[in-house]
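User: I am new to this structure and would like to go through it step by step. Could you reason through each point before you give the answer?

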Amino acid sequence: MAKSRLHDLAARGQSIWFDTLSRDLVRTGELKRMMEEDAVTGVTSNPTIFQKALSSGDAYDEDLKKLLEQTDDPTEIFFSLALQDIREACDVLKPAYDASSGVDGYVSMEVEPGIAYDTERTFEQARWISTEVERPNLYVKIPATQAGLPAIEDSIAHGTSINITLIFSLARYEAVVEAYLRGLERLVAGGGDPSKVASVASFFVSRVDTEADKRLQAVGHPELQGKLAIANAKLAYQHYLRSFAGPRWEFLEGKGATKQRCLWASTSTKNPDYRDVMYVEELIGPETVNTMPLETIQAFQEHGEIRGDTVVEGVGEAEQLLQQLADAGVDYDDVVETLEAEGVQKFADSFGEIVESIRAKRGTLAAA
């Protein structure tokens, strides 16, 4: 089999994950094909992705009929259906997990978005999902809200692997790294094995430009548009390099701990004026993950360019850009706070649509 552009990207130390999950993807063999032909070694899901999968086609109808005989609780039904998809995807990706010694091969399942601001419920649900799926290559996704941070630390301390999602700000990313390190330290202090727990920090990219560009247009600084998202991610990677080095990290690594890799999420280009693979090409670097939707995977396979480890290029310019934004009257902190709130709300809205889809399906199946 001929190697592809994505295989070349993976050879530089960046993992390619697929930002979609559905029953058809797993059961038709499409995921396995993408592992072979597109170098895919992981899958992420969220309420929006599951909403699309559940509301289209009839792949879930048979299981839905059986579940409706046992319960009419749409949330319970959703988790029954979704967790089965997660288990099957974990099994398909297990070879990638084994081949990478537990670095890759993960499937991510998000906690219910309605509990994003409830620390205790988030922690309890993360533990419950982990127990229900019972696969070593599961990541439970927890949003990086202020309330999510202690739940992340507690989950890591109890040996649950976590994908921290909806990270937009550099300050919040630093807090996420700290939560991971403290969780590992507690796990080690309690006699646990840190080699059995892993984490990625999902730093959202394109949405940052969408929000910042709107504000830059309003204040008359179009020359700064399309730059903040990549600069933001590059500065986050610099913090990653600093955090996973030195005595504190070396002690944990000596106990078997693994680095919390940066994962670039939301990497499809929202603005048609921008190059459709810019959020891949500009963020290439070792020990990172890029999770891509299908259109981005296809676009990169067709015309993506690999120029080297671009994530470490232009760091000085990235720092300057933050000052330029402030000088232009765009408040970085307000941009990222807005994005976090919108991100949680979007997932909550999608979860509400999931509930309505299940109710609609219930009516359709009952009438059939």
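User: Just after α4, which residue takes a positive phi?

Analyst: This is a predicted model, and the place to look is the stretch that follows helix α4, which covers residues 47-55. Just after that helix, a positive phi of about 75° is found, and the residue that takes this value is Gly 57.

User: At the start of α4, which residue's side-chain oxygen reaches to the backbone nitrogen of Thr 48?

Analyst: Within the helix, Pro 47, Ile 49, Phe 50, Gln 51, Ala 53 and Leu 54 are buried. At the start of α4, the backbone nitrogen of Thr 48 has a side-chain oxygen within 2.9 Å, and this oxygen belongs to Asn 46.

User: Which helix gives the most residues to the largest nonpolar core?

Analyst: The largest nonpolar core has 121 residues, and those with the most contacts inside it include Leu 21, Phe 78, Ile 86 and Trp 264. The helix that gives the most to this core spans residues 74-99 and supplies twelve residues, and that helix is α6.

User: Which residues of α4 are buried, and which of those does Leu 21 touch?

Analyst: The buried residues of α4 are Pro 47, Ile 49, Phe 50, Gln 51, Ala 53 and Leu 54. Leaving out residues up to four places away in sequence, Leu 21 touches a set that includes Val 26, Val 43, Ile 86 and Val 107. From the buried residues of α4, that set holds Ile 49, Phe 50 and Ala 53.

User: Is strand β4 largely enclosed or largely open, and through which helix does the chain cross from β3 to β4?

Analyst: Six of the six residues of β4, residues 138-143, are buried, so this strand is largely enclosed by the rest of the structure. Both faces are covered, with Leu 138, Val 140 and Ile 142 on one side and Tyr 139, Lys 141 and Pro 143 on the other. Strand β3 pairs with β4 in the parallel sense over four bridges. The chain crosses from β3 to β4 in a right-handed β-α-β crossover, and the helix it passes through is α7.

User: On β5, which residue stands opposite Ile 142 of β4?

Analyst: Strands β4 and β5 pair in the parallel sense over four bridges. The chain crosses from β4 through helix α8, residues 148-157, to β5, and this crossover is right-handed. Within the pairing, the residue of β5 that stands opposite Ile 142 is Ile 164.

User: Why is strand β7 described as largely enclosed, and which of its residues is the bridge partner of Phe 203?

Analyst: Five of the five residues of β7, residues 261-265, are buried, so the strand is largely enclosed by the rest of the structure. Arg 261, Leu 263 and Ala 265 point one way from β7, while Cys 262 and Trp 264 point the other way. Strand β6 pairs with β7 in the parallel sense over five bridges, and there the bridge partner of Phe 203 is Trp 264.

User: Which residue of β8 does Cys 262 stand opposite, and how many disulfides does the structure hold?

Analyst: Strands β7 and β8 pair in the parallel sense over three bridges, and Cys 262 stands opposite Thr 288 in β8. At 1% relative accessibility, Cys 262 counts as buried, and Cys 90 likewise counts as buried at 1%. As for disulfides, the number the structure holds is zero.

User: Ala 39 and Ser 101 both have a positive phi; which of them is buried and which is exposed?

Analyst: Phi is near 60° for Ala 39, which lies in the loop between α3 and β2. Phi is near 55° for Ser 101, which has its place in the loop between α6 and β3. Buried means under 20% relative accessible area and exposed means over 50%. With 68%, Ser 101 is exposed, whereas the buried residue, at 8%, is Ala 39.

User: With which residue does the side chain of Arg 307 form a polar contact of 3.1 Å?

Analyst: Arg 307 lies in the loop between α14 and α15 and is partly exposed, with a relative accessible area of 45%. Leaving aside neighbours within four places in sequence, Arg 307 is in contact with Glu 281, Glu 282 and Glu 313. The polar contact of 3.1 Å joins the side chain of Arg 307 to that of Glu 282.

Key
Residues are numbered from 1 along each chain as its sequence is written. This is a predicted model: local features need pLDDT of at least 70, side-chain atom pairs count only at pLDDT 80 or more; totals for chains, interfaces and linings use all residues. Side-chain values use heavy atoms; hydrogens and water are left out. A nonpolar core is a set of buried Ala, Val, Leu, Ile, Met, Phe, Trp, Tyr and Cys residues joined through side-chain atoms within 4.5 Å. Buried means under 20% relative accessible area, exposed over 50%, partly exposed in between (1.4 Å probe, protein chains only). Helices (H or I, at least four residues) and strands (E, at least two) are DSSP runs, numbered from the N terminus. Contact means heavy atoms within 4.5 Å. Two strands pair if DSSP finds at least two bridges between them. A crossover is right-handed if, with the strands pointing away from the viewer, the path from the first strand over the helix to the second runs clockwise. A polar contact is a pair of N or O atoms within 3.5 Å; within protein, one must be able to donate a hydrogen and the other to accept it, and residues adjacent in sequence count only if both atoms are side-chain atoms. A disulfide is a pair of cysteine sulfur atoms within 2.5 Å.
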